[in-house]
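Grab a coffee and open the viewer: here are a few exercises to work through with the structure on screen. Try each task before reading its solution.

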Amino acid sequence: MQFALAMPSAQEKGEWMNRPADELILVFNADGGAVSRLMDAVHKIVRPETYECDLCMITHGALTQKREWTAFVESLDIPTRALHRDEYAREFPRAQVPWPAVMVRRGASMPEVLVSREELAGMNGVPELAAAVEARLTRSGSPRSP
C-alpha cells in the first residue's frame, strides 16, 4: 500500500513562507558537551583559519558569546535558541542541512534555513549577521522589539 503526500500549491507555500516565525534556531557546526566545547575553544585560538563553524566565529569569542550578539538576540521579539549539530540531529532527525546555519521555525513545521552556511562564510562579523537576520525576519512578518 502506498501513501501519497499532499504537496502544497505554490500559493499555499507562499502563504506559509510569509507566516511570522515562531522560533529562531542557531545551529553550530560542532557537537555539544564540555569536551567538545573545550576542544573548539582551543581550535579557535590555535588555528582559527581552519575552524569549521563560521556562526561560532561570528557570534562567539574563544569562550563566551560576544556581547554585541547577545544584545541583538535579546532585542528580538522571537524565542531564540542555540543548538549544536548533534543536538539538532536528535530533535530533527530528518533534517539534511549543511551546518552551521541560522534556522527559522513556523509552528510545528521543520525549521527552514534563514542564513545558510555559504552566506555565513562570507560574513565579517556580528553587524552583518544581525542585519541579515533582522531583514529576513522582517520580510517574513516576524515581530521585532521596539
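**Exercise 1. Find which residues of H4 meet which residues of H7, and sort them by character.**

Start on the H4 side, where Glu68, Trp69 and Phe72 make the contacts. Now cross over to H7: the partners there are Val126, Pro127, Leu129, Ala130, Val133 and Glu134. Sorting the residues of this contact gives seven nonpolar, two charged and no polar. One thing to keep in mind throughout is that you're looking at a predicted model.

**Exercise 2. Describe how H4 and H7 pack: are they roughly parallel or roughly antiparallel?**

First, recall what you need: a pair of packed helices is described by the angle between the axes and the distance between them. Next, pick out the two helices, H4 at residues 67-75 and H7 at residues 126-139. Their axes lie 10 Å apart and make an angle of about 15 degrees. Angles under 35 degrees count as roughly parallel, and H4 and H7 are therefore roughly parallel to each other. Last step, the hand: this crossing is right-handed.

**Exercise 3. Track down the aromatic pairs and say how the rings of Trp69 and Phe72 are arranged.**

Searching the whole structure turns up three aromatic pairs. Take Trp69 and Phe72: their ring centres are 5.3 Å apart, with 40 degrees between the planes, and the pair is tilted. Both residues sit in helix H4, three residues apart, so about one helical turn separates them. Trp69 and Phe72 are both buried.

Then go to Tyr88 and Phe92. Here the centres are 4.8 Å apart and the planes are at 40 degrees, so this pair is tilted. For burial, the cut-off is under 20% relative accessible area. Tyr88 comes in at 0% and so counts as buried, and Phe92, at 4%, is buried too. Finally, add Trp99: ring pairs link Tyr88, Phe92 and Trp99 into a cluster.

**Exercise 4. Which residues does the cis peptide bond join, and where does Pro100 lie?**

Look at Trp99, the cluster member from the last exercise. A cis peptide bond joins Trp99 to Pro100, with omega at about 0 degrees. As for its place in the fold, Pro100 is in the loop between helix H5 (85-91) and strand E3 (101-105).

**Exercise 5. Work out where Lys66 sits and what it touches.**

Begin with the address: Lys66 is in the loop between helix H3 (54-59) and H4. With a relative accessible area of 32%, Lys66 is partly exposed. Now list the neighbours, leaving out residues up to four places away in sequence: Met57, Ile58, Thr59, His60, Gly61 and Val126. Val126 is worth a second look, since you met it in H7. Lys66 and Val126 are 60 residues apart in sequence, yet their C-alpha atoms are 8.5 Å apart in space.

Try the same kind of check on Arg37, which lies in helix H2 (residues 34-46). Its relative accessibility is 47%, so Arg37 counts as partly exposed. From Arg37 to Leu63 you count 26 residues in sequence and 8.5 Å in space, C-alpha to C-alpha.

**Exercise 6. Zoom out: how many helices and strands does the protein chain have, and in what order do the elements run?**

Count them up and you get seven helices and four strands. Reading from the N terminus, the order is α-β-α-α-α-β-α-β-β-α-α. Of the 146 residues in the chain, 38% are buried. For contacts, consider those with a separation of 6 or more: 64% of them come from residues 24 or more positions apart.

Note on methods: Residues are numbered from 1 along each chain as its sequence is written. This is a predicted model: local features need pLDDT of at least 70, side-chain atom pairs count only at pLDDT 80 or more; totals for chains, interfaces and linings use all residues. Side-chain values use heavy atoms; hydrogens and water are left out. Axes are lines fitted to C-alpha atoms, for helices over the stretch in contact, and angles run from 0 to 180 degrees between N-to-C directions. Angles under 35 degrees count as roughly parallel, over 145 as roughly antiparallel, 65 to 115 as roughly perpendicular and the rest as oblique. A crossing is left-handed if the near helix is turned anticlockwise from the far one by less than a right angle, and right-handed if clockwise. Contact means heavy atoms within 4.5 Å. Ala, Val, Leu, Ile, Met, Phe, Trp, Tyr, Cys and Pro count as nonpolar, Asp, Glu, Lys and Arg as charged, and the others, Gly among them, as polar. Rings of Phe, Tyr and Trp (its six-membered ring) pair if their centres lie within 6.5 Å; planes under 30 degrees apart count as stacked, over 60 as edge-to-face and the rest as tilted. Buried means under 20% relative accessible area, exposed over 50%, partly exposed in between (1.4 Å probe, protein chains only).
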